Amino acid sequence: MTDAAFSSSAQDVIQRPVVLDPDEAHTSLSVEELEDYYELRWTADEIIAGGYKRVALQFPDELLRDSVPIYHNLKRAIGDGREFYVLADTSYGSCCVDEVAAQHVDADAVVHYGHACMSKTYRLPVIYVFGKKPIDVLDAAQKLSESYISSQASAKFVVLRHDVAYTHEAENLLTALRDVLAKHDVSVSYNPVPRTLGPSGTATQTPATKSESHTTEPSAHPNTPEVVIPVLYVGPPSLGLTNLLMTHSATPVHAYNPLTRETSLQSVSTNKLLMRRYAIVQKARDADVFGILIGTLGVASYLPLISHLRQVLARAHKKTYTVSVGKLNPAKLANFAEIECFVLVACPENSLIDAKDFYRPIVTPFELELALQPEPTWTGEYLLDFDQYRHAKRYGADEEPASEATPSSSAVIVRSDGTVATLKDSAAGEFLQSRTFRGLETRTGLDPPSILEQGRSGIARGYGDDH
């Protein structure tokens with residue numbers, strides 16, 4: 001572990017480059033291409049139909065350069081009487097709707113641009129604009145069909161999933177797949193990605209789309225409850241694909257990458273991911289002090305989940321802290337040296353953190369439940385979605401109060417002046433007492449007062465040093 005993981009200089013903060021996702025960024029667009037790529041006419045119609053007066057436009061870093069022309073185009077399309085506000089530099093992941101920032105401007109709706117994790121919100125209605133990434137529909141359908149047929153799978157039913165950036169071609173892709181796989185008596189199921197979500201998570205679908213849709217969860221098909229249903233996925237490697245692989249580890253996933261036009265079976269990579277996560281679970285079993293990391297403020301049910309985690313850890317006689325540090329990095333979390341393991345409460349796509357660069361392991365709420373079992377048994381099932389986790393554990397109902405389940409603990413500490421005090425339930429206090437350096441001595445009344453000196457003036461960027 002290098003020193004750079006624990007601290008950074010002021011110069012690094014100014015000169016730090018912004019890391020952009022090359023898959024999300026695109027070349028400059030003309031006026032017509034901009035209107036088509038971001039569906040400005042459709043967005044304006046949705047805003048007018050919803051009667052929204054103050055609308056927040058949320059952009060990821062990769063699309064921020066298009067925010068100004070989009071703003072002016074929407075103003076011209078809708079006219080006066082409505083206000084728009086551009087949101088950038090989200091507190092957490094850009095895939096989540098930043099409802100807190102939207103409420104700062106008293107917005108009554110959010111238009112989310114770019115990639116989205118589609119997590120349910122509970123404050124504001126959301127209009128999603130995913131963009132229109134190019135894809136060869138016929139090539140994707142042909143290669144996915146060949147990959148599935150060559151695997152000699154016996155299932156006569158497959159599920160189509162895709163990255164949200166290809167939603168505009170989803171119906172064409174579904175039609176092409178059905179035409180090819182119908183020759184092999186294989187049916188294709190598809191659940192359309194919602195373009196708008198209300199605070200309760202309700203989606204708007206057209207009648208034609210709704211009649212064609214089936215469930216996207218392979219394990220929930222009503223006619224074949226015990227048959228593993230393969231998944232055909234369209235999209236490049238991403239957090240969304242990783243989420244799909246982890247939560248459906250027993251399901252064959254045939255993935256087509258539109259950028260390289262290659263198809264692969266993802267089962268081997270899934271096994272490696274599960275092995276790494278299981279190793280992190282074993283580290284969490286030895287921890288005594290946990291930090292609950294708040295990784296989202298816009299996903300519904302995150303507050304009940306945090307309360308549930310506190311109760312679970314209290315019943316297991318573990319000390320807990322609740323920490324909100326925004327976007328995670330090793331330098332931030334290294335400041336909490338007394339915490340031995342972190343539990344991240346975030347959207348499904350941002351829950352899996354590769355903690356090899358971090359000082360302490362980072363687990364998900366589901367992994368924490370496994371780690372706290374006396375004899376952990378893992379069948380391979382994996383949950384990342386808040387609603388699925390809540391349904392499985394039924395948190396918030398018939399919970400045993402932590403005050404009755406866990407006796408209070410205390411520690412005797414020696415202050416700097418030699419007096420003895422009792423410190424109740426403070427992992428930080430106990431950790432401080434175990435350190436050889438406990439801060440500067442106060443020396444109250446022992447040193448003469450220092451002489452007042454003239455301070456600096458002017459603009460801070462003109463200073464020659466940090467002192």
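1. A quick term before anything else: two residues touch, or are in contact, when heavy atoms of theirs lie within 4.5 Å. With that in hand, take Leu177. Leaving aside residues up to four places away in sequence, Leu177 touches Ala141, Leu144, Ser145, Leu160, Val188 and Leu232. Bear in mind as you read on that this is a predicted model.

2. Now for the overall picture. The protein chain has 467 residues, and 43% of them count as buried. Its secondary structure comes to 16 helices and 16 strands. If you take the contacts with a separation of 6 or more, 68% of them join residues 24 or more positions apart.

3. Back to Leu177, which has company. Together with Leu160 and Leu173, Leu177 touches the most other members of the largest nonpolar core, a set of 37 residues. Strand 4, helix 6 (137–150), strand 5 (157–162), helix 7 (170–181) and strand 8 (231–234) each put in at least two residues of this core. Helix 7 gives the largest share, with six residues. As background, nonpolar side chains tend to be buried together in soluble globular proteins.

4. There is another core to look at too. This one lies apart from the core around Leu177 and has 27 residues, including Ile280, Leu305, Cys341 and Tyr382.

5. How do helix 6 and helix 7 sit against each other? Their axes come within 9 Å and cross at roughly 45°. An angle from 35 to 65 degrees falls in the oblique class, so helix 6 is oblique to helix 7. The crossing is right-handed. On the helix 6 side, the residues making the contact include Ala141, Leu144, Ser145 and Tyr148, and on the helix 7 side they include Leu173, Ala176, Leu177 and Val180. Ala141, Leu144 and Ser145 are also among the residues that Leu177 touches.

6. Helix 3 is worth a look as well. Which of its residues are buried? Within residues 40–50, they are Leu40, Thr43, Ala44 and Ile47. Looking down the axis of helix 3, you find these buried residues within an arc of 100°, so they line one face of the helix.

7. What covers the buried residues of helix 3? The cover includes three strands from further along, namely strand 1 (54–58), strand 2 (83–87) and strand 3 (109–113), plus strand 4 (126–129), along with helix 2 (31–37) and helix 4 (67–78). Strand 4 thus turns up twice in this note, as it also supplies at least two residues to the largest core.

8. One last local detail: just after helix 3 comes Gly51, with a positive phi of about 70°.

Terms used:
Residues are numbered from 1 along each chain as its sequence is written. This is a predicted model: local features need pLDDT of at least 70, side-chain atom pairs count only at pLDDT 80 or more; totals for chains, interfaces and linings use all residues. Side-chain values use heavy atoms; hydrogens and water are left out. Buried means under 20% relative accessible area, exposed over 50%, partly exposed in between (1.4 Å probe, protein chains only). Helices (H or I, at least four residues) and strands (E, at least two) are DSSP runs, numbered from the N terminus. The arc is that of the directions from the helix axis to the C-beta atoms. A nonpolar core is a set of buried Ala, Val, Leu, Ile, Met, Phe, Trp, Tyr and Cys residues joined through side-chain atoms within 4.5 Å. Axes are lines fitted to C-alpha atoms, for helices over the stretch in contact, and angles run from 0 to 180 degrees between N-to-C directions. Angles under 35 degrees count as roughly parallel, over 145 as roughly antiparallel, 65 to 115 as roughly perpendicular and the rest as oblique. A crossing is left-handed if the near helix is turned anticlockwise from the far one by less than a right angle, and right-handed if clockwise.
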